[in-house]
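User: I have a structure open here and want to talk through its aromatic residues. Can you take a look with me?
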Amino acid sequence: MRHTIFALGLLAAIPAQAAEPAAQLGWLAGCWAATDAEAGSGEQWSSLAGGTLLGAGRTVKNGKTVGWEFVVIREVEPGQLAYIAKPHNQPEATFRLLRHTDTEFVFEDLAHDFPQRIIYRRDGERGLYARIEGMSKGKLKGIDYPMQRTSCGGQ
């Protein structure tokens, strides 16, 4: 799975117990620039509407896009949210919501090759930390993607 991370979608028909996590993801809306990568690398999220956040991201190296991904976060069964990723040149993968707080969402699929977990953590009003982690070649591996809120015109 590409290292660029994106989240999308939560359905409007989410039951009351799951509606709270969906609404709490609204802070992702807008544009996020990667702080440790080349200009143009980052994520862009639609506002929460119809229970869905839509997002896309890319990774730029040496002035060229080397990775991109589209993601949907939506209800896959009553009360169960999932992060459904479609990275370039790879099959779609679904990670179910494992746990969440007001500032962090953790999605997991232990059967996936790498990553097995996708984590989004809010850091104040302008910071976002995305992380992918899991087992790779028998070792625990994690990759962090620090981002800062930016103008959507610059992405």
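Analyst: Sure. Both Tyr-83 and Phe-95 are buried. Keep in mind that this is a predicted model.

User: How do Tyr-83 and Phe-95 sit relative to each other, stacked or edge-to-face?
Analyst: They make an edge-to-face aromatic pair, with 6.3 Å centre to centre and 75° between the planes. Tyr-83 belongs to strand E5 (residues 80–87) and Phe-95 to strand E6 (residues 93–100), so the pair ties together parts that are twelve residues apart in sequence.

User: Which residues form the aromatic cluster?
Analyst: Trp-45, Tyr-83, Phe-95, Phe-107 and Tyr-120 form one cluster.

User: And how many aromatic pairs are there?
Analyst: The count is five. One of them joins Trp-68 and Phe-70; that pair is tilted, at 5.3 Å centre to centre with 50° between the planes.

User: Why does Phe-70 count as partly exposed?
Analyst: Because its relative accessibility is 45%, and the partly exposed class runs between the 20% and 50% cut-offs. Trp-68 is partly exposed as well, with a relative accessible area of 35%.

User: Where is Phe-70 in the fold?
Analyst: In strand E4, residues 64–77. Its C-alpha is 6.8 Å from that of Gly-57, and the two are 13 residues apart in sequence.

User: Switching topic: what lies over the face of Phe-114?
Analyst: Lys-141, at 4.9 Å from the ring centre.

User: Last one, the overall layout. How many helices and strands does the protein chain have?
Analyst: One helix and ten strands, and the helix precedes the strands along the sequence. Of the 155 residues, 44% count as buried.

Note on methods:
Residues numbered from 1 in each chain as written. Predicted model: local features only at pLDDT ≥ 70, side-chain atom pairs only at ≥ 80, totals over all residues. Heavy atoms only, no water. Helix = DSSP H or I, 4+ residues; strand = E, 2+ residues; numbered from the N terminus. Buried < 20%, exposed > 50% of the residue type's maximum accessible area, 1.4 Å probe, protein only. Phe/Tyr/Trp six-rings, centres within 6.5 Å; stacked < 30°, edge-to-face > 60°. Lys NZ or Arg CZ within 6 Å of the ring centre and 35° of its normal.
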